[in-house]
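Dear colleague,

I am handing over the structure below, which you have not worked with before. Please look through it first, and then read my notes on what was found.

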Amino acid sequence: MNIKRSKLILAAGLLGASLLFAGCGNTLDDQFVFGRNRIHCDNQTITVSTPFELVSNGKQVDLGDRGASVVKAEGHNSHLQILVTGEKVTADMNEKVLISQARNVLKSNSSLSNVKFDSQDVKIGNLDGKKLTFTFTETSRGKSTDLTVDEYIFTQKNTVWRVIYQYRTADSIGKALAERVAGKIALGSEF
């Protein structure tokens, strides 16, 4: 009788524990800490929403030189990569050039196939910009991976920005993270 009772108590305990923990850790907010990173270039600032810290030159991007004429920041986890660049606008560095470069880099890369491209006009704050969406298959070391890239390009005064979100197309968490943060870009330090 004690063995039956012990098994019943153990089963009840396991059932109770599984019900207690059911649903824990299943939302993006349970799995990731979302925050904002400020990126500075040529005395202009943008703030982007991210599920991780962005780094530039080995330190938090917010600690970078506000007057730098070029900034390159990156952050990633196993599901999503975010790249942010800012450069002083010149005849050789502007929105039109960046859009053309983005297309040409993908077209000329022999390890990419099934390249699809879409472009749409967007607003970043009160500024006009472009959202480029690329999907493609990348083959490296005999292994193929389908990737999705959303890229936002816009000019803030004398700085041209590009904010890129990349994830494996089949990665449902990467897609959900991108949907949560992509395009959440504020002009200045306030969000």
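The notes that follow deal with one helix, the loop before it and the strands after it.

Please bear in mind that this is a predicted model, in which local features need pLDDT of at least 70 and side-chain atom pairs count only at pLDDT 80 or more, while totals for chains, interfaces and linings use all residues. Residues are numbered from 1 along each chain as its sequence is written, and side-chain values use heavy atoms, with hydrogens and water left out.

Helices (H or I, at least four residues) and strands (E, at least two) are DSSP runs, numbered from the N terminus. Helix α3 covers residues 95-108, and its 14 residues should span 20 Å at 1.5 Å a residue (the expected span being 1.5 Å times one less than the number of residues), which agrees with the 20 Å between its end C-alpha atoms.

The buried residues of α3 (buried means under 20% relative accessible area, exposed over 50%, partly exposed in between, with a 1.4 Å probe and protein chains only) are Leu 98, Ile 99, Ala 102 and Leu 106. Seen down the helix axis, these buried residues fall within an arc of 105 degrees (the arc of the directions from the axis to the C-beta atoms), so they line one face of α3. They pack against β7 (112-124), β8 (127-140), β9 (143-156) and β10 (159-168), where contact means heavy atoms within 4.5 Å. On the face turned away from the buried side, α3 carries the exposed residues Lys 96, Lys 107 and Ser 108.

Asn 94, which sits in the loop between β6 (81-88) and α3, caps the N-terminal end of the helix, with a side-chain oxygen 3.1 Å from the backbone nitrogen of Lys 96. The side chain of Asn 94 also reaches the backbone oxygen of Thr 90 at 3.4 Å; a polar contact here is a pair of N or O atoms within 3.5 Å, where, within protein, one must be able to donate a hydrogen and the other to accept it, and residues adjacent in sequence count only if both atoms are side-chain atoms.

As for the strands, β7 and β8 pair in the antiparallel sense over eleven bridges, pairing being called if DSSP finds at least two bridges between two strands. They form a hairpin with two residues between them, and Gly 125 in the turn has a positive phi of about 60 degrees. Twelve bridges join β8 to β9, which also run antiparallel, and in their hairpin, with two residues between the strands, Arg 141 takes a positive phi near 55 degrees.

With best wishes
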